[in-house]
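Hi,

Here is the structure I promised to pass on. Have a look at it first, and my notes follow underneath.

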Amino acid sequence: MTLLELQRRMARAIMRPLTGADRIAPNTDARYIKPNDRLNASERLEIYSRSYWFRVLDSLYDDFPGLRAVLGQRAFHQLSRAYLADCPSRSFTLRNLGSRLADWLQRHPEYAGRRSALAIDMVRLEWAHIEAFDDAAAKVLGPEDLLELGPGFRAGLQPYIRLLDLEYAVDDLRIQVNRASDERGVASNAALKQRHREVTRRVSRSKPKRIFLAVHRRNYMVYYRRIEAEEYRLLGALRDGLPIGKAIRYAFESSSASTDEQRSKLETWFAAWAELGWLCPLKSRRVTQ
Amino acid sequence: MPANRFNAFTDYGIGIGLRIPHYKHIFDKKPVVDWFEIISENYMVDGGRPLATLDRILERYRVVQHGVSMYFGSTEPLNKDHLRRLGALVKRTRTPWLSDHLCWGSVDGTYSHDLLPMPYTFEAAKITARKVREARDFLEVPIAVENVSSYAEFHMSEMTEWEFLNEVVERADCGILLDVNNIYVSSRNHDFDPYEYLNSVPVERVAQIHIAGHSKFQKYILDTHDHPVIDPVWKMYEHAICRIGPTATLLEWDDRIPSFDEVHVEALKAEKYIHAPALVTL
């Protein structure tokens, strides 16, 4: 047997889903492993299989607390096992383990039952949170850069910002989950149970309510900022490289806002973006008129 | 004076692993620590708090990088994105050497995120050594490979673990991160004499030593890094230092992490042994 053959066989065996009792699946191929006087080959392999599954399950558990709140612990666990069986890690870092979860859940809504739309929105928010936390930041456009601001000017959006168009207001729910989690260790059991009940109640009462969100960071903290539909379109168009004039026209093309209202909104948005440092030079595209 | 050509860092003394629960203490109290070992992968990101925190640490402390996912023993080529990110981090930290494990963990682009044991074959040694050399040439920093704890052995093995370690480091011409706790754990799991292992390690290649605690189960021992170092491991450490001479030493504590002071006090127990003169003259 070559090294590659061994590694393929062992990886396949380790990554086979465990049984309900967290044991290695019966008949898992372990013939290449030597037994000793205490453990047979399968038992030795099981140490690695359990270690693999506990590690990747823990990683998803930590990364998606909002999804856990939406689904409940048991359904979350079942979903995690199914997702990881279909989409094992393709990255050297566990940080990226959940990168395909939103797409996968769209193809497998049965794992979220009647809350699938809410669950998918929560996953999109939580993955955006992970990316916003440690993605790159570019030099912020300063006043000197904005001197040439005009319809043909192109500005980029900070690489760490994620723009989301969501069916549910999952931002509030996730903040509530965070708060409950932060209180663990300092609050009484009664207070924690109360927090848990509040989260459960909010999940069960969640009704569709379309929101637009910019997931961004400031002082290394991730924030969720609700934005208007036109603002969402404008930021997206800027990120795509449209010059400001075209981006503004695109943002308002189906808007009912009057010209004065549009001007007022633009002033407000650009002031906020400048304060938050959201705009940066558009480096990846050549400016052509 | 350097103990050997891979151990030019005898002044590094005793370090501890940089862990998130200790950040606040470190920034508030600014404790005197010889050096911190970081898990490279925790900082191989493009921005945000991880890198900002690391930069603050680098202002005050020496940092050495330790990786967990290079997988020198995997048959697939080194991951280019991984190497590029690692290279950027090496420039940032100016790590004097870089370590990762003598193991495999990925195949056909799928990652286990575990330190899987090697079959001790000449084919495996050749592949592993080639990848160590490629990484060193790309990163332009000395590399030390760490022996892992293991819970399984393979029918196809052609040599002992320590013979395999020697085969790899000779072929790669690289250093060794000698984990004495891992030797202890594996010796108990596979019924070999840990001192036979220690005595076969080429002292001229040992760049760094790891010590740690582990968990004992009924039928095997697990390398959990969640306990103090046990006496038999300290004895092995003493023996290793006597052979190698003063060597940068690091205490690993990764789970159920106690206060910074507790971890530091545990690490500093190594002071009792670290300055022992080497018995082996190079």
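**Where the two chains meet**

Let me start with a pairing across the chains: β1(A) and strand β8 of chain B (residues 153-154) run antiparallel to each other, joined over 2 bridges. In that pairing, K34(A) sits opposite E153(B) of β8(B). Do keep in mind as you read on that this is a predicted model.

The wider interface involves 39 residues of chain A in contact with 38 residues of chain B. On the chain A side, the elements that each supply at least two residues are α1 (3-14), β1 (33-34), α2 (41-63) and α6 (116-134). Sorted by class, that side of chain A has 23 nonpolar, 9 charged and 7 polar residues.

**A helix in chain B**

I also spent some time on α3(B), residues 80-93. How does the span of this helix agree with its 14 residues? At 1.5 Å a residue they should span 20 Å, and the end C-alpha atoms are indeed 20 Å apart, so the two agree.

Which residues of α3(B) are buried? They are H82(B), L86(B), L89(B) and T93(B). These four cover an arc of only 60° around the axis, which means that they lie on the same side of α3(B). Turn to the other side of the helix and you find K80(B), D81(B), R84(B) and K91(B), which are exposed.

As for what the buried residues of α3(B) pack against, the partners are three elements of chain B: α2 (49-60), β3 (63-66) and α4 (122-139). Just after the helix comes R94(B), which has a positive phi, near 50°.

**Chain A as a whole**

Back to chain A, which has 11 helices and 6 strands. Its radius of gyration is 24 Å, whereas the globule rule gives 19 Å for 289 residues; the value is well over the rule, so chain A is more spread out than a compact globule. Taken along the principal axes, the box filled by the C-alpha atoms of chain A is roughly 80 × 55 × 35 Å.

Two more values for chain A: buried residues make up 33% of its 289 residues. And of the contacts in chain A with a separation of 6 or more, 64% are between residues 24 or more positions apart.

If you only have a minute, I'd open the model at K34(A) and E153(B), which stand opposite each other, and then go over to α3(B) to see its buried residues on one side and the exposed ones on the other.

Cheers

Definitions and conventions: Residues are numbered from 1 along each chain as its sequence is written. Chains are lettered from A and ligands numbered from 1 in the order in which they are written. This is a predicted model: local features need pLDDT of at least 70, side-chain atom pairs count only at pLDDT 80 or more; totals for chains, interfaces and linings use all residues. Two residues are in contact if their C-beta atoms, placed from the backbone, lie within 7 Å. Ala, Val, Leu, Ile, Met, Phe, Trp, Tyr, Cys and Pro count as nonpolar, Asp, Glu, Lys and Arg as charged, and the others, Gly among them, as polar. Two strands pair if DSSP finds at least two bridges between them. The expected span of a helix is 1.5 Å times one less than its number of residues. A residue is buried if 20 or more other C-beta atoms lie within 10 Å of its own, exposed if 12 or fewer, and partly exposed in between; C-beta atoms are placed from the backbone. The arc is that of the directions from the helix axis to the C-beta atoms. The radius of gyration is taken over C-alpha atoms; the globule rule is 2.2 Å times the number of residues to the power 0.38.
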